[in-house]
Amino acid sequence: MHDFRSLLFISTLFTAVGLSVAAAQEMRPVTVSAKAPVRPATATMRPVASAGNHVALKRQEGGETITVSAARRPVSVDDIGSSVTIVTEGQIQTQQRRGLADILTRQPGLNVVQTGGPGGATSIFMRGNNANEVKVRLDGMDINDGSSPSGAFDAGQFVTDGMGRIEILRGPQSGLYGADAMAGVIDITTAQGQGRLTPFVRLEGGAYGTFNQVLGARGSTRRFHYNIELSHYRMDGFNNIPPYIERAYQADRRQRNEGNRNDNRSANIRLRYDVTRTFDLGLTARLIQSNYHSYSVYDLQSENLYGDSGVREQNNKNEAIVRGTAHLVSFGGLFDQVIGLGYMTNRNRWTETGTSYGSPINPDPSYYRSDRLKIDWHGTFDLKQYGQFLVGAEHFHDTFNTSHTAASIWDSGYDNSAGMDTTAGYGQYQGNWNRILYGAANIRYDANSRYGNHVTWRVAPAIHVPGTGTIIKASAGSGFHGPSLYQLFANQVGAGYSEKGNPNLRAERLIGYDAGVEQKLLHDRLTFGATWYDNRVRNLIQSALSIDSSYNYNYSYENVAKARLYGVEAFLDWKARSDLEFNLSYTWTHARNETLDTELQQRPQHKFNFNTLWTPIRDLTFSGNILYVSGWRDLPVIGSETCSVCAKGHGYVTIDIAANYKINRFISVHARADNLLNRQYEEPIGYLQPGRGGYGGVTLSY
């Protein structure tokens, strides 16, 4: 903690000196030579991307794609050895993907599993790693859900409105991002307002009782930039229980027609004020309030196996993510720094209605709460031809509470609270030799009050073969994932079950590398490549279940497993004409528990995604997508209750199309059809995904 305070003191000193310089520069009169043309202010690339809000831009000169997440500063994706996929706001809008899960499921290296359709609990597996080993950030704030037992990010209630960019950084990234970045990082950036005031309203309706409304405005007024979007999404009537399970449990007509209902209200805000030309203040916020009612296979089991009646589950979620930043460029651009303060809170309430032998099943709800406070600072020294050096520090304070009021002699109730602190410092050097060899190397130290201290690292070189358009990339690094507060300290006892944490759990550790090649042809209109990756994990945390002689289910957690995860990611991007583009990606994943010599569950071996974009006339755009996912191992819903890989999920193919037409500057219409083949598939097993559905709407803007 002393070291962290010292770093903050040093950063404050730099800020004070820089502000003095900035103020002096702002007040100094500017003399313009008559022979020197004045460069427009809009053409100046201000280094706002390193301000913690992570605004990655696309340079106009040559169409060079810039990433921020790979090095915590703007850098060309060609100049970094890390595997990066970037999804832009334009792609999100063209494909009409309203939920974050819908976007991520189509990206290479990811497998997205959602229980119960839109709004259901969602897990993101990256390169075969567990979902809680993927760090997700929003505008520089770490947003993995501390209120959940695993600590994983749940994308189920995250809508894409307001998102300007999504960067998917694959491979161990703990050397820059610390715990939970063992598999990689998903870095989300809110779109920034620019230009004149642009208000808009979007209305959309369609299958499964869908009715969505979005209201927003973005723009800038002199030094003030703003983007505010308010949304309401509703889905009602989707039945997620597969027919074969309904037949197995002899579901009646009412049970076969029970549907899930989701109601989501979100607010997304991004504000920035340019105090001077070299100093700006930023504020971002995302607020989510959702109500998700579901009827699952387990509710059907309760009714038809155990005699319960009227069983339904309800999840109420309230989440707030807020972060403020101060960004300063000092000494003529030689030093670029940002200090940020962020806060995240989750308030989740779970209720199960219904009766058992005339008495309420769960008369009192269960609560899951968490809070996270983060203060961070990082600065980049621009050494010109000698590269760039980045140094930073972070401190997190996390708290967790879960409670349930005792309801009967069989339900003793519980109230568990715990907290932990993490202090970290990191550094990175990035440079190049003769514009042929590019590279970055970083190292980080994390000190956690619950599971100890960890040092992680990463190196990522890239070689540009002169005159060929060939780029050889590689990276290697270490990662770790700490146990959640729930896994450490949970203590729940109910009728027929108990769940207790294990305070002796150790952090999971990973060593991984990848290597690949990319080729550019046809004046960069055709790009293709492939990457091989190999990760080895030890101290893997797994749930442990024992069933005693009284048939009580006793759950806990333990470090029991080692795993090896390897595979291939390949892609092809072809801009065939100015109005026609094709994008293909293929992922092959081998994920195996080496301790038990079994496949890891919910990791399909093959995944193929094809997307095309066609603009036959200027204001009309068509988008098509084909997704293929092969079979996977999973927990059986009918049969063994202790074998997580005894069932086989069936592979599936989905085809989606979307069209957008701008009638005039004020009115646009859109339509899309999802799952055109009406493929009935489960992912995970026991949870049917939506079949064929049509949607359409209108956007009014000014």
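Guide: Two strands are said to pair if DSSP finds at least two bridges between them, and with that rule in mind we can look at this structure, which is a predicted model.

Visitor: How do you know that strand 35 and strand 36 pair?

Guide: Strand 35 (residues 652-662) and strand 36 (residues 667-674) share six bridges in the antiparallel sense, and because the rule asks for at least two, the two strands count as paired. One of these links joins Tyr 661 to its bridge partner Val 669 in strand 36, and with four residues between them strand 35 and strand 36 form a hairpin.

Visitor: What makes strand 37 a partner of strand 36?

Guide: Strand 37 (residues 693-701) is joined to strand 36 over eight bridges, again in the antiparallel sense, so the requirement of at least two is met here as well. Within this pair, Ile 667 has Leu 700 of strand 37 as its bridge partner.

Visitor: Where else does Leu 700 appear?

Guide: Leu 700 helps to make a nonpolar surface patch of about 470 Å², together with Val 201, Leu 203, Leu 215, Ile 228 and Leu 230. The elements that give two or more residues to this patch are strand 10 (198-206) and strand 12 (224-238).

Visitor: Why can Leu 215 belong to a surface patch, and is Leu 215 called buried, partly exposed or exposed?

Guide: Leu 215, which lies in strand 11 (residues 210-221), has a relative accessible area of 49%. Because a patch takes residues with over 30%, Leu 215 passes that cut-off, yet exposed means over 50% and buried means under 20%, so Leu 215 is called partly exposed.

Visitor: Why are strand 3 and strand 7 called edge strands in the open sheet?

Guide: The open sheet has five strands in the order 3-8-9-6-7, with mixed pairing. Strand 3 (83-88) and strand 7 (141-142) each have a single partner strand, so one side of each is left without a neighbour in the sheet. For strand 3, pairing with strand 8 is antiparallel over six bridges, including the one in which Ile 86 has Glu 167 of strand 8 as its partner.

Visitor: What makes up the largest nonpolar core, and which element gives the most to it?

Guide: This core has 27 residues, and among those with the most contacts inside it are Leu 100, Ile 143 and Phe 158. Helix 3 gives the most, with four residues. A second, separate core of 16 residues includes Tyr 368, Tyr 414, Tyr 486 and Leu 505.

Note on methods. Residues numbered from 1 in each chain as written. Predicted model: local features only at pLDDT ≥ 70, side-chain atom pairs only at ≥ 80, totals over all residues. Heavy atoms only, no water. Patch = residues over 30% accessible without salt bridge, like charges linked within 9 Å, V, L, I, M, F, W, Y side chains within 5 Å. Areas by Shrake-Rupley, 256 points an atom, 1.4 Å probe, with all protein chains shown as cover. Salt bridge = Lys/Arg side-chain N within 4 Å of Asp/Glu carboxyl O. Buried < 20%, exposed > 50% of the residue type's maximum accessible area, 1.4 Å probe, protein only. Core = buried A, V, L, I, M, F, W, Y, C linked by side-chain atoms within 4.5 Å.
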